[in-house]
Amino acid sequence: MRAGVIGFGVGEQHAMAYAEDARARLVAICDPDPAKREAARARFPETEILADPGEILARKDIDAVSIASPDDAHYGQIVAAIDAGKHIFVEKPVCLDKDELTDIHRRLQNK
């Protein structure tokens, strides 16, 4: 499984899990914060480090994405990941309201 991680706060734990699992390959990490990107480069020098979550979601060489970004970004990133056909692991909360959750459920049912 080729994985990407969005958010390098809590996402660092996701990245470590992928990097340590022989069945997975950590392909890319994304964070808009330059200091977090530098920390990710230092911790995972073989992994591509990006600023834009859209880059991870659009990549064909990533099968699964961990979404560990700020809570208000989860819904949009989940929708983009569903549309891109990615497997998704998302930190809580999945989204911020019932309408977002209903839309996510509908999208998953239509896949």
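## A first look inside the model

Cys30 counts as buried, because its relative accessibility is just 1%. That value, like everything here, comes from a predicted model. Cys95 is buried too, with a relative accessible area of 12%. As for disulfides, the structure holds zero of them.

**The cores**

What sits in the largest nonpolar core? This core has 15 residues, and those with the most contacts inside it are Ile6, Ala28, Ile56 and Val65. Four elements each give two or more residues to this core: strand S2 (25-30), helix H3 (53-58), strand S4 (64-67) and helix H4 (74-83). Apart from it lies another core, this one of eleven residues, including Ala3, Phe8, Ala24 and Ala40.

Val65 is a handy place to start exploring the largest core. Once you set aside its neighbours within four places in sequence, Val65 is in contact with Gly4, Ile6, Ile56 and Leu57, among others. Its list of contacts also includes Ala81, Lys86, His87, Ile88 and Phe89.

**The aromatic pair**

How many aromatic pairs does a search of the whole structure find? It turns up one. The partners are Phe8 and Phe44, with ring centres 6.2 Å apart and planes at 90°, so the pair is edge-to-face. Phe8 lies in the loop between strand S1 (2-6) and helix H1 (11-20), while Phe44 lies in the loop between H2 and strand S3 (48-50), so the pair ties together parts that are 36 residues apart in sequence. Both Phe8 and Phe44 are buried.

**Two polar side chains to look at**

Now for Gln77 and Arg41. Gln77 has its place in helix H4. Is Gln77 buried or exposed? Gln77 is buried, because its relative accessible area is 10% and the cut-off for buried is under 20%. Not counting residues up to four places away in sequence, Gln77 touches Ile6, Pro53, Leu57, Ile67 and Ser69.

Arg41 is found in helix H2 (residues 34-43). Arg41 counts as partly exposed, because its relative accessibility is 36%. Ile29 is twelve residues away from Arg41 along the chain, and the C-alpha atoms of the two are separated by 9.0 Å.

Each of these side chains makes a polar contact with another side chain, as listed here:

| Side chain | Polar contact with side chain of | Distance |
|---|---|---|
| Arg41 | Glu38 | 2.7 Å |
| Gln77 | Ser69 | 2.6 Å |

Ser69 therefore shows up twice for buried Gln77: among the residues Gln77 touches, and as its partner in a polar contact.

Notes: Residues numbered from 1 in each chain as written. Predicted model: local features only at pLDDT ≥ 70, side-chain atom pairs only at ≥ 80, totals over all residues. Heavy atoms only, no water. Core = buried A, V, L, I, M, F, W, Y, C linked by side-chain atoms within 4.5 Å. Buried < 20%, exposed > 50% of the residue type's maximum accessible area, 1.4 Å probe, protein only. Contact = heavy atoms within 4.5 Å. Polar contact = N/O pair within 3.5 Å; in protein donor to acceptor, adjacent residues only side chain to side chain. Disulfide = S-S within 2.5 Å. Phe/Tyr/Trp six-rings, centres within 6.5 Å; stacked < 30°, edge-to-face > 60°.
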